[in-house]
Amino acid sequence: MLALARKVNESIMIGNDIEITVLEIKGDQIKIGVKAPKSVPIYRKELYVQIQDENKKAGEKVDVDALKGLFSKEK
């Protein structure tokens with residue numbers, strides 16, 4: 001992990017098109033801003049983990065044999 005010190009209104013760049021800016025510091029909270037292309041999804045980590053867990057659960061419920069029947073060439 002790379003650790004960087006930044007002050008309010010200072011930024012870091014990730015690649016050529018993602019900019020992270022420190023907007024505000026209040027006590028033990030930091031408000032950050034993220035500029036990125038609309039094609040780049042941005043989530044809080046706890047929400048990202050929840051989405052991944054739900055995707056795994058949904059994949060476990062798939063009836064593979066039923067799916068094979070949908071895509072079989074025999075009709």
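## Where the pocket gets its walls

Which element gives the most to the lining of the largest pocket? That would be β2, with four residues. Keep in mind that we're looking at a predicted model here.

The largest pocket comes in at a volume of about 150 Å³. The elements that give two or more residues to its lining are β2 and β3. The full lining runs through Leu4, Arg6, Glu10, Ile12, Ile20, Thr21, Val22, Ile25, Ile30 and Ile32. Sort those by class and you get seven nonpolar, one polar and two charged residues.

## The sheet behind it

Now for the strands themselves. They make an open sheet of three, in the order β1-β2-β3, with antiparallel pairing. β1 (11-14) and β3 sit at the edges with a single partner strand each, so one side of each is left without a neighbour in the sheet. From one strand to the next, the twist averages 25°.

As a reminder, strands of a sheet pair through backbone hydrogen bonds, and they can do that either parallel or antiparallel. In this model, β1 and β2 are joined in the antiparallel sense over four bridges, and Ile12 stands opposite Ile20 in β2. Both of those isoleucines, Ile12 and Ile20, also turn up in the pocket lining.

## The β2-β3 hairpin

On the other side of β2 (residues 18-26) comes β3 (residues 29-35), and these two pair in the antiparallel sense over seven bridges. Together β2 and β3 form a hairpin with two residues between them. Gly27 is in that turn, and it has a positive phi of about 60°.

Ile25 stands opposite Ile30 in β3. Here too, Ile25 and Ile30 are both among the residues lining the largest pocket.

## A closer look at Thr21

Is Thr21 buried or exposed? This β2 residue has a relative accessibility of 15%, so it counts as buried, the cut-off being under 20%. Leaving aside residues up to four places away in sequence, Thr21 touches Asn9, Glu10, Ser11, Lys31, Ile32 and Gly33. Two of these contacts, Glu10 and Ile32, join Thr21 itself in the lining of the largest pocket.

## Over on the helix

Gln52 takes us away from the strands and into helix α1 (residues 45-60). Its relative accessibility is 31%, so Gln52 counts as partly exposed.

How far apart are the C-alpha atoms of Gln52 and Leu70? They are separated by 26 Å, with the two residues 18 apart along the chain.

Definitions and conventions. Residues are numbered from 1 along each chain as its sequence is written. This is a predicted model: local features need pLDDT of at least 70, side-chain atom pairs count only at pLDDT 80 or more; totals for chains, interfaces and linings use all residues. Side-chain values use heavy atoms; hydrogens and water are left out. Two strands pair if DSSP finds at least two bridges between them. Axes are lines fitted to C-alpha atoms, for helices over the stretch in contact, and angles run from 0 to 180 degrees between N-to-C directions. Buried means under 20% relative accessible area, exposed over 50%, partly exposed in between (1.4 Å probe, protein chains only). Contact means heavy atoms within 4.5 Å. On a 1 Å grid over the protein atoms alone, a cavity is a set of points where a 1.4 Å probe fits but cannot get out, and a pocket is an open set with protein on both sides within 12 Å along at least five of seven lines; lining residues have an atom within 4 Å of a point. Grid points are joined across faces, edges and corners, and a volume is the space filled by probe spheres set on the points. Ala, Val, Leu, Ile, Met, Phe, Trp, Tyr, Cys and Pro count as nonpolar, Asp, Glu, Lys and Arg as charged, and the others, Gly among them, as polar.
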